[in-house]
Structure formats: C-alpha cells, structure tokens
Amino acid sequence: MATITLANLVKSYGKTDVIHGINLDIADGEFVVFVGPSGCGKSTTLRMIAGLEEVSGGEIRIGDRVVNDIDPKQRNIAMVFQNYAIYPHMTVRQNIAFGLYTSSLGKAEKEARVTEAAQMLGLEALLDRRPSALSGGQRQRVAMGRAMVRSPAAFLFDEPLSNLDAQLRAQMRIEIKRLHRRLGTTIAYVTHDQVEAMTMADRIVVMKDGHILQAGTPMDIYENP
Ligand code: ADP
Ligand code: ADP
C-alpha cells in the first residue's frame with residue numbers, strides 16, 4: 001500500500017521546463033487519472049514516479065520515503081505500458097512469471113502468484129498459449145499479470161488501452177476497475193480518453209503546459225470544466 005506525493009516537482013530538458021513545480025497527494029488505494037492535451041507532461045510525470053526519468057527539482061515520495069534517487073526496481077511500483085511489452089516466444093505463463101524473474105521468492109510461491117494473477121485476469125485457460133494466439137485485450141491482461149505478480153504498492157498505467165478497439169476498451173475499463181476494487185492498490189493512470197477518465201477515476205487531474213489546472217472527482221470536473 002502506498003501514498004504518492006509530488007512536492008513542487010519540476011522536470012527540465014536542457015533549459016526548457018516541461019513540468020513546472022506541481023503538487024499532488026495521491027491517497028493510499030486511490031485511482032487517479034491524469035488527462036490533458038498531448039505534450040502537457042502526463043507521461044513525463046508518470047515516468048518520474050516510476051523512476052524512468054530523473055527529477056529536476058522538488059520531491060517524489062512513496063509512502064514516507066523520498067524516492068528521487070532510488071532505483072526504479074526498489075520503488076515497489078509497477079508500470080503497465082500501452083504496447084504490452086510481452087515476449088512473443090514465451091507462453092502466457094512464462095510472460096507473467098517473467099515479472100518475478102529476478103525475485104528471490106521460492107518456486108512454489110512464484111507459481112502460486114502466477115496462478116492467482118491468471119485467475120483474476122481470466123487467463124487460466126490460456127496459460128500455455130503464445131501471445132500470437134491472443135486477442136489485444138488478452139495481451140494487455142498478460143502485461144497486467146506480469147506487473148501484478150510483483151505485488152506492487154502502486155500501478156502506473158500509461159495509455160494502457162489506446163491500442164484496443166472500442167469494444168475491448170469498454171471491457172478492459174470494467175476489468176481494470178474491478179481489479180482495483182479487489183486489490184485496493186494505488187493507481188496513477190494516464191489517458192487522453194475522456195470516457196476512461198470519467199468512468200474509472202476516483203480523482204481526475206487535469207494538466208496543461210506542465211501545470212495542474214484542476215483536480216477533483218469526475219463530478220467536480222464535469223460540472224466545472
Ligand atoms: P504527454 O504525456 O502529456 O503527451 P509528455 O510528458 O510526453 O506529454 O511530454 C511533455 C513535454 O516534454 C513535451 O513538450 C515533450 O515534447 C517534452 N519531452 C518529452 N520527452 C522529452 C525528451 N526526452 N527530450 C526533450 N523534450 C521532451
Ligand atoms: P527485481 O525487482 O527483482 O530487480 P527486475 O526489476 O529486474 O526485478 O524485473 C525482473 C523482470 O520483470 C524484468 O526483466 C522485467 O521484464 C519484468 N518487469 C519488471 N518490472 C515490470 C513491470 N512493471 N511490469 C511488467 N514487467 C516488469
């Protein structure tokens with residue numbers, strides 16, 4: 001479980017600031033969706049939380065630990081990408097288990113986690129298949145499974161559904177919400193899809209030009225656009 005705090009967070013590339021000192025407290029178990037026009041800094045913010053991008057100023061805290069200089073692998077958070085990042089030559093089981101590749105857990109515990117994730121994601125019957133024999137939504141679930149087995153304190157999603165067709169997107173929205181309800185894990189989720197934001201978020205954070213314009217419940221945002 002984890003809170004995520006952004007305190008006066010700045011990101012610059014050379015002399016250009018792309019994130020201008022943003023402040024945000026994400027509560028333990030909260031589902032926060034970042035929206036805003038392309039280039040406003042959503043992805044950069046998420047990547048800094050993940051540790052894939054260096055912080056130029058301010059602080060990121062996970063729980064009460066400042067993680068600015070902490071290796072991504074030690075942050076106990078998992079990132080789920082839109083391009084799935086799953087391996088074609090491995091089965092579903094192997095792809096999910098790969099999330100625990102360097103983990104020190106015992107074999108039985110690893111297998112139990114893979115089975116549990118597969119059950120939650122409705123992938124049990126597909127464990128011996130290769131990704132080429134899966135639908136887009138099933139592949140996205142494999143990517144989620146690989147993140148889930150690590151039992152992260154938080155999930156970061158960067159446009160996870162944008163490669164899917166409308167019907168699959170609708171289905172995956174419901175499944176990700178259900179997963180969130182079951183696991184209670186903190187989620188920071190980036191999308192440019194209004195429907196995803198409105199239907200999934202506990203709180204929507206609207207960004208523009210590297211600033212936070214507005215943050216509130218979907219109802220707040222809907223009523224005061
Ligand atoms: P969003 O996810 O909201 O579309 P990004 O976080 O990807 O926006 O980008 C924010 C800004 O930072 C954009 O102006 C983008 O061009 C710039 N940017 C992102 N990555 C780099 C980089 N590696 N070098 C220079 N500028 C970058
Ligand atoms: P450790 O935390 O034990 O050092 P690694 O970070 O090296 O483990 O991850 C082991 C493997 O799990 C990586 O090679 C990577 O492919 C996969 N993995 C790591 N993080 C994620 C993630 N957020 N989502 C999906 N797979 C991941």
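**View 1. Met 198, a partly exposed residue in a predicted model.** Here we zoom in on Met 198, which has a relative accessible area of 30% and so counts as partly exposed. This whole picture comes from a predicted model. Where does Met 198 sit? You'll find Met 198 in helix H6, which covers residues 194–200.

**View 2. A nonpolar surface patch that includes Met 198.** Met 198 has company here: together with Met 219 and Tyr 222, Met 198 makes a nonpolar patch on the surface. The patch comes to about 340 Å².

**View 3. The shell of residues around ligand 1.** Now let's move over to the ligand. Its neighbours include Tyr 13 and Val 18, plus a run from Pro 37 through Ser 38, Gly 39, Cys 40, Gly 41, Lys 42 and Ser 43 to Thr 44. What mix of residue classes makes up this shell? Sorted by class, the shell has 4 nonpolar, 5 polar and 1 charged residues. Helix H1 (residues 42–50) chips in the most, giving 3 residues to the shell.

**View 4. Polar atoms beside the oxygens of ligand 1.** Look for the backbone first: a polar backbone atom of Gly 39 is 2.7 Å from an oxygen atom of ligand 1. Cys 40 also uses its backbone, with an N or O atom 3.2 Å from a ligand 1 oxygen. Thr 44 brings in its side chain instead, placing a polar atom 2.5 Å from an oxygen of ligand 1. How much of the ligand does the protein cover? On its own, ligand 1 exposes 560 Å², and the protein buries 54% of that.

Conventions:
Residues are numbered from 1 along each chain as its sequence is written. Chains are lettered from A and ligands numbered from 1 in the order in which they are written. This is a predicted model: local features need pLDDT of at least 70, side-chain atom pairs count only at pLDDT 80 or more; totals for chains, interfaces and linings use all residues. Side-chain values use heavy atoms; hydrogens and water are left out. A residue is near a molecule or strand if one of its heavy atoms lies within 4 Å of it. A polar contact is a pair of N or O atoms within 3.5 Å; within protein, one must be able to donate a hydrogen and the other to accept it, and residues adjacent in sequence count only if both atoms are side-chain atoms. Accessible areas come from the Shrake-Rupley method with a 1.4 Å probe; for residues, only the protein chains shown count as cover. Helices (H or I, at least four residues) and strands (E, at least two) are DSSP runs, numbered from the N terminus. Ala, Val, Leu, Ile, Met, Phe, Trp, Tyr, Cys and Pro count as nonpolar, Asp, Glu, Lys and Arg as charged, and the others, Gly among them, as polar. Patches are made of residues with over 30% relative accessible area and no salt bridge: like charges are joined within 9 Å, nonpolar side chains (Val, Leu, Ile, Met, Phe, Trp, Tyr) within 5 Å. A salt bridge is a side-chain nitrogen of Lys or Arg within 4 Å of a carboxyl oxygen of Asp or Glu. Buried means under 20% relative accessible area, exposed over 50%, partly exposed in between (1.4 Å probe, protein chains only).
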